[in-house]
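Here is a short set of exercises to work through with the model open beside you. Try each task before reading its solution.

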Amino acid sequence: MQWVKGLGLGLGAAALLALGIILGHFAIPQNSPSISATQDLDLEILETVMGQLDASRIRENLRELSREPHLASSSRDEALVQLLLQRWTDPASGLDSAEAFEYEVLLSFPSQEQPNSVDVVGSAGDVLYSCRRSEENLTGEQGGPDVVPPYAAYAPPGTPQGLLVYANQGREEDFTELQTQGITLEGTIALTRYGGIGRGAKAVNAAKYGVAGVLVYTDPGDINDGLSLPNETFPNSWYLPPSGVERGSYYEYFGDPLTPYLPANPSSFRLDLTNVSGFPPIPTQPIGFQDAKVLLCQVNVSVHNHLQLRNSSNVLGIIRGAVEPDRYVLYGNHRDSWVHGAVDPSSGTAVLLELSRILGTLLKKGTWRPRRSIMFASWGAEEFGLIGSTEFTEEFFSKLQERTVAYLNVDISVFANATLRVQGTPPVQSVIFSAAKEIRSPGPGDLSIYDNWIRYFNRSSPVYGLVPSLGSLGAGSDYAPFIHFLGISSMDIAYTYDRSKTSARIYPTYHTAFDTFDYVDKFVDPGFSSHQAVARTAGSVILRLSDSLFLPLNVSDYSDTLRSFLQAAQQDLGALLEQHSISLEPLVTAVEKFEAAAAALGRYMSTLQKGSPDPLQVRMLNDQLMLLERTFLNPRAFPEERYYSHVLWAPRTGSTATFPGLANACSRAGDTSPGSEAWAEVQRQLSIVVVALEGAAATLRPVADL
């Protein structure tokens with residue numbers, strides 16, 4: 001009677017699907033297009049959206065968004081919350097619903113009564129030189145009352161005084177080198193430059209050597225191609241003026257510091273401040289290179305930052321899916337900035353608003369409704385440590401893990417106007433390539449965005465030949481909790497510069513008071529054609545993910561990454577592991593199992609696409625594609641890290657470009673004796689990766705095949 005049981009289960013599942021479609025139908029406004037379980041990507045709708053995305057509207061969005069400083073939790077930040085709600089509830093171009101979600105989070109601000117200061121003092125304590133406490137007001141936008149002065153968020157208050165020591169980038173090896181040269185570091189003030197390691201890590205490293213305080217400056221060689229004279233810099237060019245100072249969060253982790261792994265709701269448990277980790281251990285202050293080059297001898301640093309609980313909001317706008325409303329495609333960007341934030345983040349929000357306007361207009365006209373639900377998100381307090389997006393993933397952890405297809409992040413949409421730049425997990429590569437091939441690149445000539453992209457960033461694939469290269473996702477923006485904590489396939493899209501023509505680590509006015517609308521309008525993207533290109537790319541990706549019958553996620557593209565990681569482990573670590581009787585054979589077998597399962601699933605999908613598949617077959621297949629990324633999560637893999645659970649993309653401190661847990665464990669084990677705990681950890685990390693790969697292969701195999 002097994003066939004009867006199977007028939008019953010099949011009919012039951014089909015009935016549930018039908019019920020879901022009926023319920024979804026009655027939850028959807030009746031001016032929507034007719035619903036079909038086989039609804040697929042409509043190329044005419046895609047072409048319409050591409051044609052209607054308007055560069056001039058994006059420009060006007062940016063003008064409004066960056067008109068005033070909008071530090072997280074400020075009155076202007078709250079005004080932008082209301083602007084987003086108004087846009088997303090507009091009768092003619094709004095979405096199905098929009099809502100603000102508020103959290104009470106711990107932020108850090110400089111004191112208005114006691115401004116932070118850096119002074120050169122004489123032997124009697126007399127002040128010989130004082131660093132600027134604010135940036136030079138070059139355009140009338142740098143001196144307003146809402147311009148927060150430069151500071152290191154979450155740095156503790158204090159007034160250390162000591163001899164100044166130049167410590168390069170503040171890496172541990174930089175302080176070791178100073179000690180090797182016989183320089184006493186105890187009680188000194190370390191002058192460091194941005195880059196090399198994270199902001200907060202500079203203070204952590206310095207404190208280990210007895211340093212009393214840290215100054216951080218932007219070296220013009222790192223960001224200005226060496227140019228530093230006033231006539232060579234903003235407002236005469238896009239380069240950072242001598243008085244420019246990069247603000248930033250110096251908190252080591254992401255999310256609200258008081259509520260790790262819990263949403264910062266009123267009822268949530270909060271840590272006592274004495275138990276909070278991740279803050280810089282010593283007073284730290286950023287300064288401009290104008291001041292850094294003249295600092296000598298005895299320096300006094302006065303930091304009067306204070307911690308404060310503030311309300312910060314995320315804004316969510318939702319378009320309900322017609323067929324699969326319980327499957328979510330997320331598109332997010334943060335809203336808050338350090339000052340005006342025209343590039344970071346308002347260039348991304350300007351694009352998001354234009355895309356949501358176009359889709360909202362089609363929705364209100366009854367022309368289109370996506371197969372799956374689309375969620376637009378404006379995250380709060382990102383600059384303080386990805387707080388809004390992290391709180392969101394903590395509050396809706398289970399729902400998001402069960403239902404989210406992919407997350408697309410557009411933070412800074414345009415760093416510069418040379419080429420597309422994408423970071424992402426391997427399964428999203430194919431949908432981005434498909435989108436980029438169909439959109440014309442800005443500028444002269446008739447290249448597609450794809451063909452232009454491959455000129456600047458490329459790699460050789462054993463499967464596809466020469467293709468554009470995707471960067472990996474670290475923790476630089478709001479994609480971090482989605483990929484590292486939830487295991488959701490994620491991507492970050494932007495336009496950027498030609499690396500062969502500049503040594504800049506990022507656009508020059510990053511996190512300064514000079515990141516204004518006019519800066520973008522005159523120097524970054526005159527005409528806003530690159531903003532439009534990002535809008536078209538992101539829009540095409542969103543439509544393909546939300547409307548395609550078969551999810552355009554190619555799991556076989558993970559095979560390239562896994563094979564590369566395996567080969568690096570064999571070549572760089574194999575001999576060392578053999579000396580400690582650790583075999584890589586289980587890893588070899590696990591990679592082969594994954595490759596076989598991914599290839600078989602690809603063949604099965606091709607077979608279904610050629611026929612008229614049952615909607616349940618499509619749904620089951622799509623769930624396998626969606627859930628693959630989750631199989632790489634192991635919340636116990638990296639107990640020393642917070643939120644990092646993805647065994648392929650966790651931070652890698654070891655030098656070998658392989659599985660991060662294995663690389664890090666081997667690096668720490670080093671020359672320790674055989675049988676040590678360090679080598680046991682190497683074996684544990686190897687087992688973690690093997691089990692994850694075997695689990696991933698099992699997820700890709702036929703659903704009834706255990």
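**Exercise 1. The neighbours of β10**

How many bridges join strand β2 to β10, and do the two run parallel or antiparallel?

*Solution.* Keep in mind throughout that this is a predicted model.
- Step 1: start with β2, residues 117-121. Four bridges tie this strand to β10, and the pair runs antiparallel.
- Step 2: pick out one point of contact. Ser117 faces Ser302 of β10.
- Step 3: turn to β5, residues 161-166. This strand is linked to β10 by three bridges, again in an antiparallel arrangement. Here Gly162 is set opposite Val299.
- Step 4: look at how covered β10 is. The strand spans residues 298-302, and four of its five residues are buried.

**Exercise 2. A parallel pairing**

Find the strands that pair with β14, and state the direction of each pairing.

*Solution.*
- Step 1: locate β14 at residues 404-409; six of its six residues are buried.
- Step 2: take β12, residues 324-334. Five bridges connect β12 and β14, which run parallel. Leu330 lies opposite Tyr407 in this pairing.
- Step 3: take β18, residues 490-496. Three bridges connect β14 and β18, also running parallel. Asn409 has Asp492 of β18 as its bridge partner.

**Exercise 3. Two annotated domains**

Compare the helix and strand content of the two stretches that UniProt annotates as domains.

*Solution.*
- Step 1: read the ranges from the record. An unreviewed UniProt entry gives "domain: Peptidase M28" for residues 314-522. The annotation "domain: Transferrin receptor-like dimerisation", also from an unreviewed entry, covers residues 582-701.
- Step 2: work out the content of each. Residues 314-522 are 33% helix and 25% strand, with 31 Å between the end C-alpha atoms. Residues 582-701 are 61% helix and 0% strand, with end C-alpha atoms 29 Å apart.

**Exercise 4. Empty space**

Describe the largest cavity and the second largest pocket by volume and lining.

*Solution.*
- Step 1: count the cavities. The whole structure has four of 30 Å³ or more.
- Step 2: examine the largest cavity, which holds about 100 Å³ of space. Its lining has 15 residues, and those nearest the centre are Arg132, Arg133, Gln285, Pro286 and Ile287.
- Step 3: ask what the lining of this cavity is made of. β2 and β9 (284-287) each give at least two residues, and β9 has the largest share, with three. By type, the lining splits into six nonpolar, six polar and three charged residues.
- Step 4: move to the second largest pocket, with about 500 Å³ of space. Of its 24 lining residues, Gln112, Pro145, Asp146, Val148 and Pro149 lie nearest the centre. α4 (75-88) and β11 (306-319) are the elements that give two or more residues to this lining; β11 gives the most, three.
- Step 5: sort the pocket lining by type. There are 10 nonpolar, 10 polar and four charged residues.

**Exercise 5. Backbone oddities**

Which peptide bonds in the loop after α7 and in α9 are cis?

*Solution.*
- Step 1: find the bond between Phe234 and Pro235, which is cis with omega about 15°. Pro235 sits in the loop between α7 (220-223) and β8 (248-249).
- Step 2: find the bond from Asp344 to Pro345, also cis, with omega near 10°. Pro345 belongs to helix α9, residues 342-365.
- Step 3: add the positive phi values. Asp225, in the loop between α7 and β8, has phi near 55°. Tyr643, in the loop between α19 (615-627) and α20, has phi of about 75°.

**Exercise 6. Buried or partly exposed?**

Decide whether Asp225, Tyr643 and Asn664 are buried or partly exposed.

*Solution.*
- Step 1: recall the cut-off; a residue under 20% relative accessible area is buried.
- Step 2: apply it. Asp225 has 28%, so this residue is partly exposed. Tyr643 has 1%, so this residue is buried. Asn664 has 5% and is therefore buried.
- Step 3: place Asn664. This residue lies in helix α20, residues 660-669. Val682 is 18 residues away from Asn664 in sequence, and the two C-alpha atoms are 8.5 Å apart.

How values were computed: Residues are numbered from 1 along each chain as its sequence is written. This is a predicted model: local features need pLDDT of at least 70, side-chain atom pairs count only at pLDDT 80 or more; totals for chains, interfaces and linings use all residues. Side-chain values use heavy atoms; hydrogens and water are left out. Buried means under 20% relative accessible area, exposed over 50%, partly exposed in between (1.4 Å probe, protein chains only). Two strands pair if DSSP finds at least two bridges between them. UniProt positions are given in the numbering used here, feature names are shortened, and annotations may be inferred rather than shown by experiment. On a 1 Å grid over the protein atoms alone, a cavity is a set of points where a 1.4 Å probe fits but cannot get out, and a pocket is an open set with protein on both sides within 12 Å along at least five of seven lines; lining residues have an atom within 4 Å of a point. Grid points are joined across faces, edges and corners, and a volume is the space filled by probe spheres set on the points. Ala, Val, Leu, Ile, Met, Phe, Trp, Tyr, Cys and Pro count as nonpolar, Asp, Glu, Lys and Arg as charged, and the others, Gly among them, as polar.
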